[in-house]
Each structure stands twice: as C-alpha cells, then as structure tokens.
Amino acid sequence: MTKTDVLHQLKKIGLVPVLRAESEDQAMGIAAAIADGGVTCMEVTMTVPGAVKVMARLTKERPDILVGAGTVLDAETANECIAEGAQFIVSPAFNEHTIKVCRKQNIAVLPGSLTPTEILRAWDAGADVVKVFPASAMGGAKYLKSLKAPLPHIELIPTGGVTVDTAIDFLEAGAFALGVGADLVDLKAWKAGEAHKITATAKRYLEIVQTFQSR
C-alpha cells in the first residue's frame, strides 16, 4: 500500500483509535474488538509493552487492519516501527528528524503540534497530517475550527477530548479524521470481559463518520 493509499484509507475510515494496553495480548484483543466494529485502523502506541511486536503481529495476523505506530518520539523508533510493518507514524510532538525518516521511506507521518506556529512548522517540514494534541485543552472543536480558518490547506487530526458526543463537532470543524482514545479503547470494559461494548462503540463512531461523509 502506498502512502497515498494509506492517507486515503485514514480519511475514508475517519477514525484513528489510539491503542493503549497493559500487555501484548490485551492490545491484540482490543484491536480485534475495535476491528469487529468496522474500524480497521489502529495506532499502536509505544507505551504498550512489546508495542513493536504488537505491530508485527497485527501486520501478519490482521492484514485487514491499517497499522500505525503512535507516541513515536524520535527517528530511531520510527525506523524500528516501519521495519515491523507500521504504515503510518504518529507523535504527540514535532520532531523534524522523524519526519525526514518517514519522507525518505514514503511513509505517512502525523506529528503532533498545538499552536498555529507549531502546526505550520510541522506542515512546512513535510507532515502529511498534523495531529492537534491535546485538542481538549485548547477548547476542542471550536479551537480546531479557529485553526482551519487561516490554515484551510493543512490537514488536521484532533486528539484528546474526542468522544461519541463531540465527534460530529470535530468533523464539522474540518477534521481530516479523529484520534480517539479512552472513549473507544475502553480498558475497563475489556477487563470486565465486555469486549462487545468496545465493538459497539466502534460501530457508533463509524456511523457518525459515515453519516457526516454522506451529507
């Protein structure tokens, strides 16, 4: 899959679940529960124990899932994740060396930024999409809309504060896709043996995105 294909899929799915877990097996299980809800895209954060192995397993065992690496803080980690099958790289902050590595290997890169200056700097450095994080701390969807007014050409993916209740507001504000954390990646539900709740939430998010896209 080319970088263009990956970006197209991210836009089409409209959601990037931020997968955090306490173990490799837990991560695999939660990923499966989300995919069962139709959300076939996953950002495996480097905070997951054995994160790189999780990416490798998902790439091999679940070819239907678009696998990305999250919380990538440097170029070395980006290289390691790409070698194990990561098809896009996400970071909570801007690191120019990470962007260079991704561009050299034709891998989609989504660095994090918050202020207009940071966002423009990341975009000019070669970001494919800029992750606005933490979006909730700056006013949520209203902040995203304010950013898009002077920067309509920059693709933005808000993360932090995205819930089933706020998803439509972020989409209407101009989000490229939505970075979704604990509202979807529900560790409590998983530990309680209620994976079906995660699947149901994934379906709900997908309905919201598809309804918006069909307007």
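# Notebook: cavity, sheets and turns

**Entry 1. The largest cavity.**
I began with the lining of the largest cavity, sorted by class: six residues are nonpolar, two are polar and none is charged. The model I am reading is a predicted one. How many cavities of 30 Å³ or more does the count give? I find one. The largest cavity has a volume of about 30 Å³.

Next I listed the lining residues. They are I89, V90, S91, T98, I99, V109, L110 and P111. I then asked which elements give two or more residues to this lining. They are β4 (88–90), α5 (96–104) and β5 (108–110).

**Entry 2. The largest pocket.**
I turned to the largest pocket, with a volume of about 310 Å³. Its lining holds 21 residues, and the closest to the centre are V18, R20, V180, G181 and A182. By class, I wrote down eight nonpolar, seven polar and six charged residues for this lining. Both β9 and α9 (187–191) supply at least two lining residues each.

**Entry 3. The six-stranded sheet.**
I traced the strand order next. The sheet is open, has six strands and runs β5-β4-β3-β2-β1-β9, with parallel pairing. Which strands stand at its edges? They are β5 and β9 (178–180), each pairing on one side only. I also noted the turn between neighbouring strands of this sheet: 25° on average, direction ignored.

Then I went through some of the pairs.
- β2 (residues 41–45) and β3 (residues 66–70) run parallel and are joined by five bridges. M42 has V67 of β3 as its bridge partner.
- β1 pairs with β2 in the parallel sense over two bridges. Here V18 stands opposite E43 of β2.
- β1 also pairs with β9, again parallel, over three bridges. P17 has V180 of β9 as its bridge partner.

V180 therefore appears twice in my notes, and I keep both entries together: V180 is the β9 partner of P17, and V180 is among the residues closest to the pocket centre.

**Entry 4. Strand β1.**
Is β1 covered or open? I checked its residues, 15–19, and five of the five are buried. Then I looked at each face. L15, P17 and L19 lie on one side, V16 and V18 on the other, and all are buried, so that both faces are covered. V18 is also listed among the residues closest to the centre of the largest pocket.

**Entry 5. The three-stranded sheet.**
I found another open sheet, with three strands in the order β6-β7-β8 and parallel pairing. Why is one side of β6 (112–113) and of β8 (156–158) left without a neighbour in the sheet? Each stands at an edge and has a single partner strand. I checked the pair β7 and β8: three bridges, in the parallel sense. V132 has P158 of β8 as its bridge partner.

**Entry 6. D128.**
I looked up D128 next. Its place is the loop between α6 (116–124) and β7 (130–132). Buried or exposed? D128 has a relative accessible area of 14%, and the cut-off for buried is under 20%, so D128 counts as buried. I then followed its side chain. The D128 side chain makes a polar contact with the side chain of K3 at 3.2 Å. The D128 side chain also reaches the backbone nitrogen of V109 at 2.9 Å. V109 is one of the residues lining the largest cavity.

**Entry 7. Backbone oddities.**
I scanned the backbone for unusual angles.
- The peptide bond from F133 to P134 is cis, with omega near -5°. P134 lies in the loop between β7 and α7 (141–148).
- T71 is not a glycine, yet its phi is positive, near 55°. T71 sits in the loop between β3 and α4 (75–83).
- N106, also not a glycine, has a positive phi of about 60°. I place N106 in the loop between α5 and β5.

How exposed is N106? The relative accessible area is 43%, which makes N106 partly exposed. The elements on either side of that loop, α5 and β5, are among those that give two or more residues to the cavity lining.

Terms used. Residues are numbered from 1 along each chain as its sequence is written. This is a predicted model: local features need pLDDT of at least 70, side-chain atom pairs count only at pLDDT 80 or more; totals for chains, interfaces and linings use all residues. Side-chain values use heavy atoms; hydrogens and water are left out. On a 1 Å grid over the protein atoms alone, a cavity is a set of points where a 1.4 Å probe fits but cannot get out, and a pocket is an open set with protein on both sides within 12 Å along at least five of seven lines; lining residues have an atom within 4 Å of a point. Grid points are joined across faces, edges and corners, and a volume is the space filled by probe spheres set on the points. Helices (H or I, at least four residues) and strands (E, at least two) are DSSP runs, numbered from the N terminus. Ala, Val, Leu, Ile, Met, Phe, Trp, Tyr, Cys and Pro count as nonpolar, Asp, Glu, Lys and Arg as charged, and the others, Gly among them, as polar. Two strands pair if DSSP finds at least two bridges between them. Axes are lines fitted to C-alpha atoms, for helices over the stretch in contact, and angles run from 0 to 180 degrees between N-to-C directions. Buried means under 20% relative accessible area, exposed over 50%, partly exposed in between (1.4 Å probe, protein chains only). A polar contact is a pair of N or O atoms within 3.5 Å; within protein, one must be able to donate a hydrogen and the other to accept it, and residues adjacent in sequence count only if both atoms are side-chain atoms.
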